[in-house]
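Student: Could you take me through one part of this model in close detail? I would like to follow a helix and the cysteines around it.

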Amino acid sequence: MALLLSLILCGTGQIYNGEVSKGIMMMVLCFLLWFVLLGWVVHIWSIVDSVVVAERVNRSNG
């Protein structure tokens with residue numbers, strides 16, 4: 001679910017995982033960097049990070 005949310009809107013996967021401040025930071029960075037055509041870097045970082053954190057959370061909830 002975190003992956004799909006991050007694909008739709010950068011940072012929403014982090015918010016879904018409970019990392020609200022990180023998600024908001026990624027959203028802001030992504031929007032700002034799209035103006036200089038580097039927003040895709042933050043978007044990919046957001047997607048990968050949301051999956052990694054979701055897997056870590058799922059393993060800890062066992």
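Tutor: Happy to! A disulfide is a pair of cysteine sulfur atoms within 2.5 Å. Keep in mind that this is a predicted model. With that cut-off, the number of disulfides is zero. Cysteine 10 takes part in no disulfide, and the nearest cysteine sulfur, which belongs to cysteine 30, lies 3.7 Å away. Looking from the other end, cysteine 30 is in no disulfide either, with the sulfur of cysteine 10 as its nearest cysteine sulfur at 3.7 Å. Both residues are out of the solvent's reach to a similar label: cysteine 10 is buried, at a relative accessible area of 3%, and cysteine 30 is buried, at 2%. Now to the helix itself. Helix H3 covers residues 20-34, which makes 15 residues. From the first C-alpha of H3 to its last is 21 Å, close to the 21 Å expected at 1.5 Å a residue.

Which residues of H3 are buried? They are Gly23, Met26, Met27 and Cys30. Because these residues cover an arc of only 100° around the axis, they sit on the same side of H3. Turn to the other side of H3 and you meet Ser21 and Leu32, which are exposed. As for what the buried residues of H3 pack against, their partners are helix H2 (12-16) and helix H4 (39-61). So Cys30, the cysteine with a relative accessible area of 2%, belongs to the buried set of H3, and that set lies within an arc of only 100°.

How values were computed: Residues numbered from 1 in each chain as written. Predicted model: local features only at pLDDT ≥ 70, side-chain atom pairs only at ≥ 80, totals over all residues. Heavy atoms only, no water. Buried < 20%, exposed > 50% of the residue type's maximum accessible area, 1.4 Å probe, protein only. Helix = DSSP H or I, 4+ residues; strand = E, 2+ residues; numbered from the N terminus. Expected span 1.5 Å × (residues − 1). Arc of directions from axis to C-beta. Contact = heavy atoms within 4.5 Å.
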